[in-house]
Amino acid sequence: MIKVTNLSKHFGDLVVLKDITTEIRKGEVISVIGPSGTGKSTFLRCLNLLEIPTGGTILIDGIPLLDKHTNVPKIRQKIGMVFQSFNLYAHLSVLENLTIGPVKLLGKNRAEADAKAMELLKMVGLAEKRYSFPDELSGGQKQRVAIARCLAMEPEIMLFDEPTSALDPTMVSEVLSVIRRLSREGMTMIIVTHEMEFARNTSSRVFYMDEGVIYEEGTPVQIFDHPQKEKTQAFINRVRSLNFRIRSRDYDLYALQGEMEVFCEKHLVSKKVTGYVVHIAEELLELQTDFTNIELNLSYSEKDGDVQLVCESTGMPVNPLKEDLLEEDIALKLILGRCKTVDYTYTDGKNILVLKIKGE
């Protein structure tokens, strides 16, 4: 459905996209991942000419999008786009947000547009909100309305530009559930996302973008489990783990706990296990004596559902979880009771504790 050849985009002297060439077939779900500032959103915006490419060609169903004779508005009707910010009309009800486009641009009568809008609102779970206004909705509800509004224009292709990045973590799942349903129904989609588990489970292919190019592409298994290129490997390892550096006994405990909770929630770790992880980290830090250089690393194993917590600290060799201290310290009993394994080593001047916390 989409064929891109040597696509480039410059903003003055800044080169954002460099000679991108790819094809996207009907029914594919492409997740575009990568660090911020590497051209992911610009690539998406070029596909419907919200940004005019500096060079290259884009074919939509064989029609050259950049040809001066092409009816661009007509081609754009085939392509729906959902943004980070919901862009709903604040002065219109939910129902009116969905019907204004089909009535004014597709020439549908009001009854036909209303019927289709209600069908779509039922699909995204918001039929009861049809007479509400956008400021009466949560962020997740607004984004679901925005998706339904795009679908009301009967697109053949959907573009999603980080559709969950502006949402509270508790609202992310409701939006991703709608996108998963569209995937099951065969909608062709390109999704710029930071939700790695979603990209892994929903995509037919994954593009990893870096330095303005599609640096590596492949199936979710290839990209997430067997990345071939160095930058892809580094990125995948980074997003699968959380690192927290401590340089003082007066570290911000609440910031640490908050980051751990968000990390666990993104990886669908249960509330119970998340509570264990946060508690173990707090207790482990209470047992430290030298706070000049502590590194905490939290990672999640998709294979067994376990969470691994690694604590590295510089200083003299000291294992705060020595077995002979168990009778004296209830905190140690709590920590060890919730762990599948606990390993201690002293290497290159660092105490390294590796705790694997049981999943459910």
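Start with the largest nonpolar core: it has 36 residues, and the ones that touch the most other members are Leu121, Ile147, Met158, Phe160, Ile179 and Met189. Six elements each give two or more residues to this core: α3 (94-104), α4, α5 (139-152), β7 (157-161), α6 (169-184) and β8 (188-192). Bear in mind as you look around that this is a predicted model.

**The cores**

- Helix α5 gives the most to the largest core, with seven residues.
- Take isoleucine 147 and skip its neighbours within four places in sequence: you'll find it in contact with Val82, Met158, Phe160, Val175, Val178, Ile179 and Leu182.
- There's also another core, lying apart from that one, with 32 residues, including Leu242, Val278, Leu296 and Leu332.

**The protein as a whole**

- You'll meet twelve helices and 15 strands here.
- The C-alpha trace spans about 80 × 45 × 35 Å along its principal axes.
- The protein has 360 residues, and 49% of them count as buried.
- Look at the contacts with a separation of 6 or more, and 64% of them turn out to be between residues 24 or more positions apart.

**Surface and charge**

- About 17500 Å² of the protein is exposed, and 50% of that comes from carbon and sulfur atoms.
- As for charge, there are 44 positive and 51 negative side chains, with the centres of the two sets 7 Å apart.

**Helix α11**

- Helix α11 runs over residues 271-286, which makes 16 residues.
- From its first C-alpha to its last, α11 reaches 23 Å, close to the 22 Å expected at 1.5 Å a residue.
- Its buried residues are Val273, Thr274, Val277, Val278, Ile280, Ala281, Glu283, Leu284 and Leu285.
- One of these, Val278, also turns up in the core of 32 residues.
- A handy thing to keep in mind while looking down a helix: an α-helix has 3.6 residues a turn, so residues three or four places apart point the same way.

**Lysine 116**

- Lysine 116 sits in helix α4, which covers residues 110-123; α4 is also among the elements that give two or more residues to the largest core.
- Is lysine 116 buried, partly exposed or exposed? With a relative accessible area of 25%, lysine 116 is partly exposed, because that value falls between the 20% and 50% cut-offs.
- Threonine 99 is 17 residues away from lysine 116 in sequence, and their C-alpha atoms are 8.4 Å apart in space.

Conventions:
Residues are numbered from 1 along each chain as its sequence is written. This is a predicted model: local features need pLDDT of at least 70, side-chain atom pairs count only at pLDDT 80 or more; totals for chains, interfaces and linings use all residues. Side-chain values use heavy atoms; hydrogens and water are left out. Helices (H or I, at least four residues) and strands (E, at least two) are DSSP runs, numbered from the N terminus. Buried means under 20% relative accessible area, exposed over 50%, partly exposed in between (1.4 Å probe, protein chains only). Contact means heavy atoms within 4.5 Å. Accessible areas come from the Shrake-Rupley method with a 1.4 Å probe; for residues, only the protein chains shown count as cover. Lys and Arg count as positive and Asp and Glu as negative; His and the chain ends are not counted. The place of a charge is taken as NZ of Lys, CZ of Arg, CG of Asp or CD of Glu. The expected span of a helix is 1.5 Å times one less than its number of residues. A nonpolar core is a set of buried Ala, Val, Leu, Ile, Met, Phe, Trp, Tyr and Cys residues joined through side-chain atoms within 4.5 Å.
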